[in-house]
Structure formats: C-alpha cells, structure tokens
Amino acid sequence: MALDDAAARPQVTAVPHLSGGGLPWFGPCWSFRRDPVALLRAGRERLGNVFGFPLLGRRVVFACGPEAHAAVFGAEETVLSPKEAYRFITPVFGPGVAYDAAPQEMSAQISHLLPALSPRRLDGYARIAEEEVRTRLAHWAPQGEVDLLSELNRMTVAIATRCLIGDEFQHGMGPHLPGLYRDLESGIRLAGILSPALPLPSFRRRDRARAAIARAIGDVIAARRAASAGAPDGLEREPAAHGEDVDGSDMLATLLAARAPDGSPLDDDLVTGILIGMIFAGQHTSAVLATWTGVLLLQHPQYVDALLAEQHTVTDGTPRLGAEPLHRMELLERCVREAERLHPPLLVLMRTALRELDLIGHTVPAGTLVMVSPAVAHRMPEVFRDPDRFDPARYEAPREEHRQPHALIGFGGGRHRCVGSAFAYLQVKAVWSVLLREVAFDAGHADFRPDYSTFIPGPVSPRVRYRKRSVPVPEQP
Ligand code: HEM
C-alpha cells in the first residue's frame, strides 16, 4: 500500500516541514530559484524522503526515492493531477491541448502522435539527424571554439523542426526558429505558479513567439490541405484508422491524416497546439541532454577511444545512420544514460493533490503541490552506487542499476512517462555519433556548472575548443 486514503492507514504521520527558509508566504523561494537541487537535497538529508515547505503561497511536498515515485506516478488523475500542476504551460501549448485538456482527451491527443514515433519512422528521423549535424558542421572552421549548448541547440532545432513539421516550415522560418523556441521556453518561470498571465516581459515574449510559430504552422497546414485536395486524382488522402501509421515523413503528416472518433479530421488549432507542445517538450530538452553528454565526455576523456572504436565497428560499411546502427552503439547509449542520470533536463516533475492522501505514510492535504526531482533522486546512494561518479558500466549486466523500477526517472514514469524518450535518445546518439567521428573536443576554459536561471538547465558557459579530425594534429615541439 503506497498511496491511499489517509484514514485507511493507521501509522500515517504529518509531513515534516523545512524550517528557516525565508518569509512565510514566499518560503525558500530565492534558494529554490538559485539552486533547487541543493535546497531539495539538503531538505532530504535533514528530514528524509518526504518533506514540505511553502512556495509563493503554495504548500509544496517533495517526495523522493523509488517507493515515493511509484506512488506519485501510479496515482489516479483524480488524486494527483498533472493537469492542475502544469497550468502554467497552457499559454505555450494553447487552450484545450495536452495538460489543459481532460485526462482522457490528452491521452487521445497523444495517441494520434504514436504512429509518428514508430520504429520505422525513427529510422527516417535518424537520417534527418545525421544530415542536420553534417550541415551545421559544414559551417564550422577547421578548428576553433564553439558554445556547445548553442551549437547543439541549433542542430536539435533543425532536427525537431524537420521531423515534426517538415522541410517547408524549416526553410520558411529557418533563422528565426532558435530565438522563437528560446522565447517559448523562457516563458516558463517560477512566477507561473502564481499565474502564467502576469504582465512580465518574458511572458509577453512567450506569447509573441507562440503566435508567430502558430501562424507559420497554420500556413503549412493550409498549403498541405490545399495540395491534398488538389491531388491529381482529386481525392484527399485516405484517413488513417486510429493508431495506424501513414506514409508521411513528419509528425504533421501523421496528425493531418488522423481522425477523431467521429471520423472528422483534427481541428487545425489542435494540430498546431500538439506540434508546438512536442517542440516544447522535446527540442531544448534534447539539446541539453546532448550537451551534458558532451560535457561528461570532455570531463572523462578516457572513454573517447572506446567510443570511437565502437563508432568504427558499427558504422564501417554503413553509408548512413539509421535506427538499427544507433541501437548497436551500446557504450554511447550508456554514456547518454549517465547524462540523463547526472544532469536530467527536467529538474522537478509536479502533481496537484486534488484530495487528501497518504503518500508513503505521510498525510498530504488537498491542494498541495507534490514534487519529485530526477536530479535529486538520481544521486541517492541507496539507489545508485557511488552516485556522483560518471560510471557508464553501472548499466551493464549484472548491475543494470537503471532496471530498478522508478529509479531512473529523467523521462518520468507510470501513465505519464515521456512518449518521446526513444526519439530523444536516438537524436542525442545520432548527434554524438557524427560529432565523435568528425571532431575532437577539448574543455578549454569552459564553465560546466549547471545554469539554474533557466527552466531546462544546461552548463553556464560550455565554450569548448575543437579540431575537425580531418585537420592533422599539430606536431608536439
Ligand atoms: C531529452 C529529452 C526529453 C526529456 C528529458 C523529456 C522528459 C519528460 C518527462 C520527465 C516527462 C514526464 C512529465 C511528468 O510526468 O510530469 C515527459 C512527458 C512527455 N514528453 Fe518528454 N522528454 C524529452 C523529449 C521528448 C520528445 C522528443 C517528445 C516528443 C516528440 C516528448 C513528448 C512528451 C510528451 C507528449 C509527454 C507527456 C506524456 C503524458 O503525460 O502522457 N518528450 N517528458
């Protein structure tokens, strides 16, 4: 019994509270903003796996560890609601989309996407990823310095845009996209817990960016519908049966072919909202995961030779990347998994308690914001041996530390586990497969501390030196 009615469990106790954390209404707001991971880790060390604190007028309960995660991720929506907790994202997704829809409606929206994430489609996305990385690399001088996060962000913007919305959108909006996506993401701030409609400059930029992206997607949808209506046979494409794959190369094609239960096409605003939601959920998160993967390899260069050997074994005789060769890059996968564990892009996941409940032996009152944190949980020594150490071997048999249920939660768990995790891994692996083979990096004077001023924290200043492998190594004096 992990999560149930408080009354049904005799040994239920009140949640211990973090004391000395700021003014009563604000709570430890400034410490949370400055470094949420340090605050939550310190709280856990003092008070255990479940503790509470006030935050901007809300009662927060933090829950940590596989047992608590199982309880939170397994809870019914009527008990712990992501919809209520993530209201601050509605201005990005749009009204009636994802968390703003009723839970069954959100599941239906996600199910329209699933054919676009099938293994066959992932194979095509791997090729797009390789092309986009090579295109971007062509702009790099033979050697020099780059900001790893902003370069990987450009690459994932191009990859996500082509895989989701297609070439015409990518070509039409190309240079503006990184800035627009950044404005969307920077509209997610702690103040959104109060209201995502506050008159803040970042919220205004978020709304302008969303409107610009939505207009451009609307134009692509209109053009595709017109082209489909004017097809030589004069017929619109056959609608896809629910969950069936269509022969489209991007997620927009899948959504345009999808049908509601009554047989009607999905509304254009809904298609637009789902696509913006997917970009928001998957683009910058993937860029940040790719960046931390690179940072960890720079900090642990002893792995690079083995990674290069794996690249040559897998790619020799393979003209282009696809899902299958990427799948065979096991050491690279384990390195990406260490990046997910040590630097999960989403620091906290949230639910709102719609009624009083027992969370692993503690009473949580209705209205509480319940948080779990991949960043804190992934450093629990009870779960991961020597947790602060970069150790890709922890995922090899017989250790397989990631197989413990709800231990590795960088992509969440239970009914709301990320549907894009395979795509994200494929993308990050494709990016590093090309970069490892083509470029040698060196940390230079980079500052790799996490930048908690952003919602999806990358390193503060990952300016690194590089040399294309086609350039001969200079002779040592
Ligand atoms: C490194 C990249 C990514 C990370 C770290 C990530 C992380 C997460 C996490 C932690 C959740 C669960 C949220 C919660 O339970 O509160 C989630 C949900 C979700 N993610 Fe991802 N994600 C990534 C990439 C993607 C991509 C590429 C897509 C789509 C193409 C995507 C689509 C979604 C969707 C639709 C959900 C909601 C699922 C549901 O509630 O049923 N994500 N993601």
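Glu382 sits out in the open in this predicted model, with a relative accessible area of 54%, so it counts as exposed, the cut-off being over 50%. Its salt-bridge partner is Arg44, and the closest N and O atoms of the two are 2.6 Å apart. That pairing reaches a long way along the chain: Arg44 belongs to helix H2, Glu382 to the loop between H17 and H18, and 338 residues separate them. Arg44 itself has a relative accessibility of 15%, so it falls on the buried side of the 20% limit. The bridge therefore joins a buried arginine to an exposed glutamate.

Helix H2 and the H17-H18 loop are linked by another salt bridge, this one between Arg41 and Asp388. Here the closest N and O atoms are 3.7 Å apart, and the two residues are 347 positions apart in the chain. Both ends are partly exposed, with Asp388 at 47% relative accessible area and Arg41 at 28%.

In total, the structure holds 33 salt bridges. A local example is found in helix H7, where Asp123 and Arg127 lie four residues apart, about one turn of the helix. Their closest N and O atoms are 3.4 Å apart. Asp123 is partly exposed at 24%, and Arg127 is partly exposed too, at 31%. Elsewhere, shared partners tie salt bridges into one network made up of Glu338, Arg341, Arg389, Asp391, Arg394, Arg399 and Glu401.

Turning to the rings, there are 13 aromatic pairs. In one of them, Tyr86 and Tyr99 have ring centres 4.8 Å apart and planes at 55 degrees, so the pair is tilted. Tyr86 comes from the loop between helix H4 and helix H5, Tyr99 from the loop between H5 and helix H6, and the two are 13 residues apart. Tyr86 is buried, at 9% relative accessible area, and Tyr99 also counts as buried, at 19%.

Another tilted pair is Tyr125 with Phe423, whose ring centres are 5.1 Å apart and whose planes also meet at 55 degrees. Tyr125 is in helix H7 and Phe423 in helix H18, so this contact ties together parts of the chain 298 residues apart in sequence. Both of these residues are buried. As for Tyr86 and Tyr99, they belong to one aromatic cluster together with Phe88, Phe93 and Phe280.

Charged side chains turn up over rings as well. Arg206 lies over the face of Phe203, 4.5 Å from the ring centre, while Arg337 lies over the face of Tyr395 at 5.7 Å.

Then there is the iron atom of the ligand, which has a single donor from the protein: the SG atom of Cys418, 2.3 Å away. Cys418 is placed in the loop between helix H17 and helix H18. Glu382 and Asp388, the acidic partners described above, are in the loop between H17 and H18 too.

Lastly, the surface carries a nonpolar patch formed by Trp25, Phe26, Trp30, Leu194 and Leu198, with about 510 Å² of accessible area together. Trp25 lies in the loop between strand S2 and helix H1. With a relative accessible area of 45%, Trp25 is partly exposed.

Methods. Residues numbered from 1 in each chain as written. Predicted model: local features only at pLDDT ≥ 70, side-chain atom pairs only at ≥ 80, totals over all residues. Heavy atoms only, no water. Patch = residues over 30% accessible without salt bridge, like charges linked within 9 Å, V, L, I, M, F, W, Y side chains within 5 Å. Areas by Shrake-Rupley, 256 points an atom, 1.4 Å probe, with all protein chains shown as cover. Salt bridge = Lys/Arg side-chain N within 4 Å of Asp/Glu carboxyl O. Buried < 20%, exposed > 50% of the residue type's maximum accessible area, 1.4 Å probe, protein only. Donors = N, O, S within 2.8 Å, 3.2 Å for Na, K, Ca; no water. Phe/Tyr/Trp six-rings, centres within 6.5 Å; stacked < 30°, edge-to-face > 60°. Lys NZ or Arg CZ within 6 Å of the ring centre and 35° of its normal.
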